[in-house]
Amino acid sequence: MTIPIHHLAMRATSVLSLLAILGARVQAQAAAPSSLPAHRTTITLNPIATVVGFFTGDVETAVAPTVTIGVGWSITGLDDFDEYRALDAKVRYWVNGKVLDGFAVTGMAGVASSTGYFINACSYDSFTQTCRLTRSTRATIGTELSYQWLLGPTRRFVVVAGAGAKRYLGNQANSSFDAQFLPTGRANVGFRF
């Protein structure tokens with residue numbers, strides 16, 4: 001079954017709206033501000049991926065003693081061929097009751113875009129092969145399990161490792177982007193402020 005892109009966009013918007021409402025309710029029900037850490041926002045990047053030409057990172061902020069909300073992004077292939085970009089809204093629950101420290105379970109929703117040559121759109125003559133470059137965009141949902149360490153004398157240096165899976169919604173025929181599932185991973189470092 002093929003789902004038109006505007007329906008996917010409506011679904012992604014609905015999921016993101018639900019995440020925003022959930023985040024607002026959690027923030028409204030949060031304990032007194034003193035129960036949140038003084039440094040409640042983190043920015044992390046994957047330094048190894050950056051060296052080899054990929055870019056991936058996260059920004060998140062504590063909204064309750066056990067909940068953070070944030071955004072994650074990935075960019076690979078910085079040219080017009082074989083490019084992948086993703087942007088996800090994330091709600092993270094800190095299992096051990098200490099926000100930004102320890103085990104966390106994450107729910108996410110977003111959008112991913114891929115550019116590449118669609119092999120079924122190639123034409124051949126006796127000397128050349130011509131393929132059509134396509135861009136595909138799909139809504140996504142996913143989950144992740146991660147562990148985050150706060151290091152250093154002031155516990156402001158952040159190291160995080162995690163793994164999860166992402167599901168691509170809808171089915172775009174005649175596109176270079178036909179995956180339904182994608183395993184995900186995170187090995188980031190950064191700072192808390």
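How many bridges join strand β1 to strand β10? In this predicted model, where local features need pLDDT of at least 70, side-chain atom pairs count only at pLDDT 80 or more, and totals for chains, interfaces and linings use all residues, four bridges join β1 (residues 41-45) to β10 (residues 181-192), and the two run antiparallel. Residues are numbered from 1 along each chain as its sequence is written, and side-chain values use heavy atoms, with hydrogens and water left out.

A strand here is a DSSP run of E at least two residues long, numbered from the N terminus, and two strands pair if DSSP finds at least two bridges between them. Within the pairing of β1 with β10, I43 has F191 of β10 as its bridge partner. Strand β10 also pairs with β9 (residues 157-168), again in the antiparallel sense, over eleven bridges, and G190 of β10 is the bridge partner of V158.

We can now turn to the interior. On a 1 Å grid over the protein atoms alone, a cavity is a set of points where a 1.4 Å probe fits but cannot get out, and its lining residues have an atom within 4 Å of a point. The count comes to one cavity of 30 Å³ or more, with a volume of about 30 Å³, where volume is the space filled by probe spheres set on the points, which are joined across faces, edges and corners.

Strands β2 (55-64), β3 (67-76) and β4 (83-94) each supply at least two residues of the lining of the largest cavity, and the largest share, four residues, comes from β3. Among the lining residues are D58, I69 and R92.

Conventions. On a 1 Å grid over the protein atoms alone, a cavity is a set of points where a 1.4 Å probe fits but cannot get out, and a pocket is an open set with protein on both sides within 12 Å along at least five of seven lines; lining residues have an atom within 4 Å of a point.
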